[in-house]
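Student: Could you take me through how packed helices, paired strands and the burial of single residues are read from a structure?

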Amino acid sequence: MSFVSEFNSLPVKSLVKHSLDARLEDVRASLAKSKLSLTDFANLISPAASELLEHLGRRSRAMTQQRFGKVIRLFAPLYLSNECINNCSYCGFSRDNPILRVTLSIDEMKREAEALKEQGFRNLLLVAGEHPKFVSNNYLRDCVAALHSDWPGISLEVAPMETEEYRPLVAAGADGLVVYQETYDREVYAQMHTAGPKRNFDWRLETPERAYAAGFRRLGISPLYGLADWRYEAICAAAHADYLLRNCWKASLTISTVRIRPCAGEFQPLTHLADRELAQIICALRLMFPDIGIVLSTRETPKLRDGLLQLGVTMMSAGSHTEPGGYTGAGKEKLHHTVGGRIVELASGASEWAVPENRATNATGQFNIADERSADEVAELIRRLGYEPVWKDWDAALTM
C-alpha cells in the first residue's frame, strides 16, 4: 500500500476545522506530549497557537539544537535545463511561457559546478524541467557521473520516474531526491496543471516511495505555499512525512518551506501565508518531527531568513541562481526562444522575461529569488548568529 491509499482516507478537512476551532488549552495539552499526532499538529498551527509563537520558537530552537547542534547545512541549486513539456500555472518554466531556454551540456554543467565548488559548496541540487527530448535519463546519469568524484552530496529535483529508472542515477552517485507535490489539494492541482505528464496527482505523490526503493538515502518533500489553504497543505505534508518516516525509515527526510515567488507568466498566489504563519509551520514541524531536516530557500528575504534559521531550520541554499548557466554564463550561446512550446527565431529583445543583462546568462529563471547575498555573506551571517555553516556532511567513503 502506498501513501496514496492512506492519503485518500485522511480526514484533512476535519483536521483543518479542528485547527481553526482549537483553544489555548488544546495547544498546551499538545505541547505537554512527548509524541505528537496529526491532531496535535493541527493544534500547533491553529490561530490559538499563534498567541504562543514565542514559546513555540523557544521549544523548536532548543529541540533543533539538541538533535542537530548549532549547525546549518549549506547547498546550492544547479539548474541544468529550463525546457519543459508541462503547463504549470505558477512556474516560470511552464511550456507555454514565451521565454529564453537552454539545456547545458555536460561540460557546461561542470563549469557551473566548479564555480560553486570554488565558493565552498560540497552539496549540490541538480534541477531540470521535464522534457524527455532535452533531459533524458541518460543525460541525468551522465551529469551525476561527471560530478560524483568531486561532490559528496548530489541530490536531484527532476521529473518523477519509475524505480528502475532511478537505479542508474543512484549507481552513478546521486544520493538524494527532492519532489514537491506543489499542492495536496486534488482540485487545485488539476486547475494548476493543464497539460503534460505532471497532471497525474497520484503518480507524483508516490514518487518518494519509488525513489526510496531505488536506493536514495535522502528524500525531500514539500507543498508550494500559495496555491491552497496553508493549513490544509501543512497537515497533508505532516501526514506525508509521518508515512515516509514509518515506511522509508532507512532514508533521512527533509521538508522544505517554500512560498510562491514572482516568475515568468506573472502568476499571483491564490492564497496567502504570512511570515508569522511560516514561522509557526516551521516550529510545528520541528515539534512533531524532532529528527527531520527543515529546508529554507532563497525565496525568502534576508531579514526573514536570518530570523527563521534560529527556529528550527537545518538546511539553507545560498547565492542561488534559478536559471541554467546562472553562475558562469554557460550555455549563453545556445539560447532559443519558445512560444507556446515551439522554438521560434531569437529576435532582438526576444523575451520580456529574459534575465537582466547583469546576470551571467540571459536564460529565464524558474522564479525570482529574494535573498541575493553571496554564499560567503550567508556563511558569515550564520557564524555571527552563533551557528556553524556546514559545507560537507557526508562522504561516500563512509559506506565502503
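Tutor: Let us begin with a pair of helices, keeping in mind that this is a predicted model. Helix 8 and helix 9 (residues 163-172) pass each other in a right-handed crossing, and the residues that make the contact are Asn137, Leu140, Arg141, Val144 and Ala145 on the side of helix 8, with Glu165, Pro168, Leu169 and Ala172 on the side of helix 9. Sorted by class, this contact comprises 6 nonpolar, 1 polar and 2 charged residues.

Student: Which quantities describe such a packing, and at roughly what angle do the axes of helix 8 and helix 9 cross?

Tutor: In general, two packed helices are described by the angle between their axes and by the distance between the axes. For helix 8 and helix 9, the axes come within 8 Å and cross at roughly 15°. Angles under 35 degrees count as roughly parallel, which is why helix 8 is described as roughly parallel to helix 9.

Student: How do I read the same quantities for helix 12 and helix 13?

Tutor: The axes of helix 12 (residues 207-214) and helix 13 (residues 230-247) come within 11 Å, and their crossing angle is roughly 20°. That angle makes helix 12 roughly parallel to helix 13. The crossing of this pair is right-handed. From helix 12, Pro208, Glu209 and Tyr212 take part, and they meet His240, Tyr243, Leu244 and Asn247 of helix 13; by class, the contact has 4 nonpolar, 2 polar and 1 charged residues.

Student: Let me turn to single residues around helix 8. Is Asn138 buried, partly exposed or exposed?

Tutor: The reading rests on relative accessible area, where buried means under 20% and exposed means over 50%, with partly exposed in between. Asn138, which lies in helix 8, has a relative accessible area of 47% and is therefore partly exposed. Ser136 lies in the loop between strand 4 (123-128) and helix 8 (137-147), and because its relative accessibility is 28%, Ser136 also counts as partly exposed.

Student: What does a separation along the chain look like in space for Ser136 and His148?

Tutor: One sets the separation in sequence beside the distance between C-alpha atoms. Ser136 and His148 are 12 residues apart along the chain, and their C-alpha atoms are separated by 18 Å. For Asn138 and Glu206, the separation is 68 residues in sequence and 23 Å in space, again from C-alpha to C-alpha.

Student: How many residues of strand 6 are buried, and on which faces do they lie?

Tutor: For a strand, one asks about each face in turn. Strand 6 (residues 176-182) is mostly covered, with 7 of its 7 residues buried. Gly176, Val178, Tyr180 and Glu182 lie on one side, while Leu177, Val179 and Gln181 lie on the other, and both faces are covered. As for its pairing, strand 6 is joined by 2 bridges to strand 5 (residues 153-157), and the two run parallel; Ser155 is the residue that stands opposite Gly176.

Student: Which strands pair with strand 11, and in which sense?

Tutor: Strand 9 (residues 252-256) pairs with strand 11 in the parallel sense over 3 bridges, and Ser256 stands opposite Val295 there. Strand 12 pairs with strand 11 over 2 bridges, also in the parallel sense, with Met315 of strand 12 as the bridge partner of Val295. Both faces of strand 11 (residues 293-296) are covered, since Gly293 and Val295 on one side and Ile294 and Leu296 on the other are all buried.

Student: What does Thr314 contact beyond its sequence neighbours?

Tutor: Thr314 is found in the loop between helix 15 (302-308) and strand 12 (315-317), and with a relative accessible area of 6% it is buried. Leaving aside neighbours within four places in sequence, the contacts of Thr314 include Gly293 and Ile294, along with Thr64, Phe68, Val71, Ile72, Arg73 and Arg286.

Student: Finally, which strands stand at the edges of the sheet in the order 3-13-14?

Tutor: This open sheet is formed by 3 strands with antiparallel pairing. Strand 3 (100-101) and strand 14 (342-344) stand at the edges, each with a single partner strand, so one side of each is left without a neighbour in the sheet. Strand 3 is joined to strand 13 (residues 336-339) by 2 bridges, and the partner of Arg101 in strand 13 is His336.

How values were computed. Residues are numbered from 1 along each chain as its sequence is written. This is a predicted model: local features need pLDDT of at least 70, side-chain atom pairs count only at pLDDT 80 or more; totals for chains, interfaces and linings use all residues. Side-chain values use heavy atoms; hydrogens and water are left out. Axes are lines fitted to C-alpha atoms, for helices over the stretch in contact, and angles run from 0 to 180 degrees between N-to-C directions. Helices (H or I, at least four residues) and strands (E, at least two) are DSSP runs, numbered from the N terminus. Angles under 35 degrees count as roughly parallel, over 145 as roughly antiparallel, 65 to 115 as roughly perpendicular and the rest as oblique. A crossing is left-handed if the near helix is turned anticlockwise from the far one by less than a right angle, and right-handed if clockwise. Contact means heavy atoms within 4.5 Å. Ala, Val, Leu, Ile, Met, Phe, Trp, Tyr, Cys and Pro count as nonpolar, Asp, Glu, Lys and Arg as charged, and the others, Gly among them, as polar. Buried means under 20% relative accessible area, exposed over 50%, partly exposed in between (1.4 Å probe, protein chains only). Two strands pair if DSSP finds at least two bridges between them.
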